[in-house]
Amino acid sequence: RLRLPVRQLSDLTTKFIGLGSFSNLNYDQLQSSLRTDSSQCEQFWKLIGEQQLNWMQPFHTVSDCDLKSAKIAWYLGGKLNASANCIDRHLATRADQTALIWERDEPGNQVYITYKQLHAEVCRIANLLLQSGLQAGDTAVLYMPTGPPVVYCMLACARIGVAHSVVFAGFSAEALAARIQDVGAKVVITTDQAIRGGKTVELKRTVDAAVKSCPMVERVFVSTRTGASVPMFSIDVPLEKNAAACSADCAAEPMDSEQPLFVLYTSGSTGKPKGLVHSTAGYLVYTSLTHRHVFDYRPGQDIFGCVADVGWITGHSYVVYGPLVNGGTTLLFESTPAYPDVGRYWETAERLGLTHIYLSPTSLRMLLRYSTDFVTKYDLSRLRVLGCVGEPLNHEAWEWYHRWVGGGQRDIADTWWQTETGGVCIAPRPSAEGAPILPAMPMRPFYGLEPVLMDPATGAEVAESPAEGHLCMRRPWPGMARSIWGDHKRFAETYYSQFPGLYFTGDGASRDAQGFLHITGRVDDVINVTGHRLGTAEIEDALDSHPAVSETAVIGYPHKLKGEAVYAFVILKDGVSIDRLGDLRRELKRRVRDRIAAYAVPEKLLFTDGLPKTRSGKIMRRILKRIAAEDYDSIGDISTLADPSVVEALKQHHDLYQRHK
């Protein structure tokens with residue numbers, strides 16, 4: 001069992017060592033300096049870039065950005081390699097330190113991989129990819145579960161200058177094919193099968209169906225997870241068997257700082273796939289810096305437990321690249337929070353000695369439905385920081401997390417960021433020493449970032465506080481996505497046209513009198529009831545505050561008189577009697593009326609056992625809207641959902657509700 005020494009929480013002044021005039025500044029002083037002087041901001045990112053990464057050739061220009069034209073470039077002239085920064089730089093001092101802990105689906109079967117072992121496996125696969133004809137500038141699609149092989153393959157691609165595109169191993173063959181075609185991948189790497197929550201998922205067979213419509217694919221490498229017999233065709237190559245015959249040494253290719261490191265498709269997208277491009281240098285600088293400072297991470301001492309799937313941006317940034325650039329020990333979580341029971345996260349934290357856990361609000365809302373005995377029977381004393389990422393974290397889930405998992409003492413890093421941002425943008429830490437953390441708010445922008453609230457009606461900035469508006473960012477930062485693969489015009493129109501000169505996040509936010517930020521949800525998650533604009537997150541928060549409620553999702557649906565009306569889908573906690581449903585419906589409506597207003601009360605309130613969510617935890621509200629409108633034929637592809645069967649159950653519940661309403 002891996003046991004690293006425990007250290008107390010730092011004073012969070014977050015002073016930088018060897019960073020010139022910035023070295024002795026606390027958070028408030030540093031932010032003030034960066035916000036008021038653009039040259040100071042440039043100098044800050046210059047010093048951070050030099051300090052955070054190993055360069056094969058120094059950069060000569062810190063940045064060349066123009067948000068009006070969606071032009072973003074950092075560390076120009078520099079050359080480096082992402083794989084070398086994740087592995088090679090640590091071999092002299094951390095060769096025998098654990099880099100990866102693979103928490104397999106069945107608890108108690110964890111596997112430890114050192115930096116020395118990681119280097120050897122990555123080099124073997126990199127050599128195999130070179131032998132297959134891949135070269136710098138090519139792309140490869142990875143359709144694999146979370147585990148060591150997908151990390152090996154990501155870093156092997158980076159080592160030879162091949163941009164990887166990890167596609168969540170749950171997409172349908174049709175969805176996978178669309179992404180392979182869009183990115184023009186010559187190589188696909190997959191696994192025979194995946195295991196998750198005690199269930200087997202066929203991956204190779206899905207790839208077989210997908211590549212039938214992808215003539216550009218020349219090779220399919222097949223990794224072994226279960227050893228099951230799967231069809232092997234002329235383009236198929238067993239990964240481990242052939243990699244074992246390759247050299248365990250492969251030179252890391254010097255890459256331009258703006259060379260694409262990966263393309264990642266946003267979850268829940270409709271129409272043509274939207275592949276966001278992240279560069280090499282800027283992304284590595286930002287994700288490693290945020291990993292270290294947002295979570296107060298100490299390499300060589302802490303064990304970072306991000307339970308996200310590698311197929312999403314959280315897995316890229318805080319399972320793989322951020323922790324490994326920092327020389328950390330990172331968790332690869334293959335299972336689910338409810339397998340074999342709902343204590344799985346906490347059992348894992350105790351057994352592996354995790355110091356950090358980073359999970360989604362969706363999983364918290366699911367877990368709080370059950371007895372706290374599933375938490376309290378485990379020793380969580382080693383946990384220092386409790387992270388959360390995904391949809392806005394409601395107050396009840398925050399309080400449950402803080403009290404039962406954190407013992408009322410641990411910091412909660414309630415983070416806000418996006419696939420587009422590369423890393424955390426708003427979070428309670430870093431902060432000045434002793435600064436408060438308020439429930440269910442990400443609160444503070446990261447170093448050098450300048451969030452602004454914009455009035456959607458006038459297009460003007462809302463400068464006063466408290467205030468609400470559309471959340472934008474005034475200044476560029478190194479971790480930003482550079483483009484949409486093959487469609488920069490779409491990139492510019494999506495993120496930079498609505499408020500020229502600003503990055504538009506697509507989210508709404510409020511700012512309190514102290515300047516702290518609260519995310520209210522997607523701006524398209526706004527309901528207009530009789531002329532009143534309502535954020536769905538506000539209604540959900542009111543419903544979630546009821547002691548019998550586990551989770552809710554609110555949408556708007558067409559209404560003849562009101563224009564739009566509120567439809568609430570409600571999941572109750574385990575053990576709530578069905579005899580109480582009538583009373584609960586009245587109580588919940590009254591709660592919304594008391595906390596918001598009469599016009600915010602849900603016209604329809606449906607109790608259900610599940611919601612349509614992606615594996616990253618995002619609720620697919622477009623599906624709920626189709627169900628509310630009874631437009632079942634337009635629901636579309638549901639293969640991205642964690643549990644596609646939820647859709648049919650919701651349709652049946654809705655139909656029954658309508659008949660008895």
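Let's begin at the C-terminal end. An unreviewed UniProt entry annotates residues 538–618 as "domain: AMP-binding enzyme C-terminal". UniProt positions follow the numbering used here, feature names are shortened, and such annotations may be inferred rather than shown by experiment.

A word on the source. This is a predicted model, where local features need pLDDT of at least 70, side-chain atom pairs count only at pLDDT 80 or more, and totals for chains, interfaces and linings use all residues. Residues are numbered from 1 along each chain as its sequence is written, and side-chain values use heavy atoms, with hydrogens and water left out.

Back to residues 538–618. The chain there is 27% helix and 31% strand. Its end C-alpha atoms lie 17 Å apart. Helices here are DSSP runs of H or I with at least four residues, strands are runs of E with at least two, and both are numbered from the N terminus.

The same UniProt entry type, unreviewed, gives residues 40–86 as "domain: Acetyl-coenzyme A synthetase N-terminal". That stretch is 38% helix and 17% strand. Its end C-alpha atoms are 29 Å apart.

Now the sheets. Strands pair if DSSP finds at least two bridges between them. Seven strands make an open sheet, ordered β5-β4-β17-β16-β18-β19-β20, with mixed pairing. At the edges are β5 (111–114) and β20 (411–414), each pairing on one side only. On average, neighbouring strands are turned by 20 degrees against each other, direction ignored. Axes are lines fitted to C-alpha atoms, for helices over the stretch in contact, and angles run from 0 to 180 degrees between N-to-C directions.

Look inside this sheet. β18 (356–359) and β19 (385–388) are parallel, with four bridges. Y358 has G387 in β19 as its bridge partner. Helix α6 packs on the sheet and touches β4 (98–103), β5 and β17 (329–333). The direction of α6 makes about 140 degrees with that of β4.

A second sheet. Four strands form it, open and antiparallel, in the order β23-β24-β26-β27. Why do β23 (451–454) and β27 (517–522) each have one side without a neighbour in the sheet? They stand at the edges, each with a single partner strand, so one side stays free of a neighbour. The twist here averages 45 degrees from one strand to the next. β26 (503–511) joins β27 through five bridges. One partnership is R511 with L517 of β27.

Next, the cores. A nonpolar core is a set of buried Ala, Val, Leu, Ile, Met, Phe, Trp, Tyr and Cys residues joined through side-chain atoms within 4.5 Å. Buried means under 20% relative accessible area, exposed means over 50%, and partly exposed is in between (1.4 Å probe, protein chains only). The largest core has 111 residues. W45, L118, L142, Y321 and L324 have the most contacts inside it. Helix α6 (148–160) gives the most to this core, 10 residues. A second, separate core has 30 residues, including F333 and W398.

Take Y321. Leaving aside neighbours within four places in sequence, its contacts (heavy atoms within 4.5 Å) include M154, L155, F262 and Y283.

Last, two helices. The axes of α19 (621–628) and α20 (645–660) come within 10 Å and cross at roughly 35 degrees. On the α19 side, I623, L624, I627 and A628 make the contact. On the α20 side, V647, L650, K651 and H654 do.
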